Amino acid sequence: MAIKSLPTVCPSCGCGLKVKRLECAHCATAVEGEFELPLLTKLNAEDQDFIMNFIKTSGNLKELAKLYGVSYPTVRNRLDALISRVNQLEQNQENQSQ
Amino acid sequence: MTQPPALPQKPLRTWLFNPFYYVAGVKALAIGLVIIVAASLLGAVSNSHFDGILDFHTGLNAPVWAFVVEGLIDWLCLSVFLYIAGLILVGFRARAIDLFGTQALARWPSIGMPIIALFPGFQETTKAIAANPTAISSLPPGQIAVLIVVTLMTLPFIVWMVALMYRAYAVSCNIKGAKAIVSFIIALILSEIVSKAAIVILFMQMGIIPLSA
């Protein structure tokens, strides 16, 4: 069975989703409440993959460029774009919590 | 490791108009320098000079080294001005090796121009004009047609080369939008003036251009 991707945005109004219920896969104990999604889960799958590869290559952009088959500045520009996106998400989160 | 994302959908288009997506740094510099030397040697065959960033002229007799030096001056002038622009706009985030390397690689359409200059009849026409510049007004229609055809054929290569130079700058310094375009145009104009002047002064000193010219 294919792994379902985690929805982070409301399909109806486009606002960010929160976690309402968590359940133990083993004994079915459930916890209900209102939990924020971790910031990194709000990134798209491609960005999450990029972060995973970044960690696995110890943050070595040359290695990462080799892995992706692209040039060093392409990878570095991609990282810059990702940093902007994370900053923007953090800002949104701060605005929502105020 | 997880799967890297798919590469651009149109790789041929990317290779033609943004090869820096795949190649930069030392590799781009090595390929670029080979291209500059190859274009200069082809220029020596067809007597074609890259006597300025945006200049392409034929007819002036010169030793082979002069053609190579022209290419290197053009590449260095633009790279230095763009690197200064990058330093002003993004600081030391841009690597010099990427900028100088991608700028050298961006000159690859310049290989096509001296080949076009071998167009039948063009060499004779430019030699006649070089010997007597006023002869251009009395050229037969056939020779004027050859001049127009060669000019029209080389123009797309110059436009393509400038487009690549811009992309190389944008990718190396990660600059986008109006800031990128304006700074590129300023650097292009300044480097055109400096490279042209440097080549003319060098050629005068070496006796390739008469001092009275």
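**A chat about chains A and B**

Modeller: A place to begin in this predicted model is B:Thr14, which sits in helix α1 (residues 11–17) of chain B.

Biologist: Is B:Thr14 buried or exposed there?

Modeller: B:Thr14 has a relative accessible area of 12%, and because buried means under 20%, B:Thr14 counts as buried.

Biologist: And how far is B:Thr14 from B:Ile36?

Modeller: Their C-alpha atoms are separated by 21 Å, while along the chain the two residues lie 22 residues apart.

Biologist: Switching to helix α3 of chain B, what span should its 27 residues have?

Modeller: Helix α3 covers residues 64–90 and, at 1.5 Å a residue, should span 39 Å, which agrees with its end C-alpha atoms being 39 Å apart. Just after that helix, B:Gly91 takes a positive phi of about 70°.

Biologist: OK, now the contact with chain A: how many residues does each chain give?

Modeller: Chain B gives 19 residues and chain A gives 19 residues, and the area buried between them is about 1600 Å², with 56% of that coming from carbon and sulfur atoms.

Biologist: How many salt bridges cross that interface, then?

Modeller: The rule finds one salt bridge across the interface, and B:Arg93 forms a salt bridge with A:Asp80, where the closest N and O atoms are 3.1 Å apart. There are also nine residue pairs in polar contact between the two chains, both residues being at pLDDT 80 or more.

Biologist: Which part of chain B gives the largest share of its side?

Modeller: That is helix α7 (residues 141–173) of chain B, with three residues, and by class the side of chain B that touches chain A has twelve nonpolar, four polar and three charged residues.

Notes
Residues are numbered from 1 along each chain as its sequence is written. Chains are lettered from A and ligands numbered from 1 in the order in which they are written. This is a predicted model: local features need pLDDT of at least 70, side-chain atom pairs count only at pLDDT 80 or more; totals for chains, interfaces and linings use all residues. Side-chain values use heavy atoms; hydrogens and water are left out. Contact means heavy atoms within 4.5 Å. Buried area is the accessible area (1.4 Å probe) that two parts lose on being put together, summed over both. A salt bridge is a side-chain nitrogen of Lys or Arg within 4 Å of a carboxyl oxygen of Asp or Glu. A polar contact is a pair of N or O atoms within 3.5 Å; within protein, one must be able to donate a hydrogen and the other to accept it, and residues adjacent in sequence count only if both atoms are side-chain atoms. Helices (H or I, at least four residues) and strands (E, at least two) are DSSP runs, numbered from the N terminus. Ala, Val, Leu, Ile, Met, Phe, Trp, Tyr, Cys and Pro count as nonpolar, Asp, Glu, Lys and Arg as charged, and the others, Gly among them, as polar. The expected span of a helix is 1.5 Å times one less than its number of residues. Buried means under 20% relative accessible area, exposed over 50%, partly exposed in between (1.4 Å probe, protein chains only).
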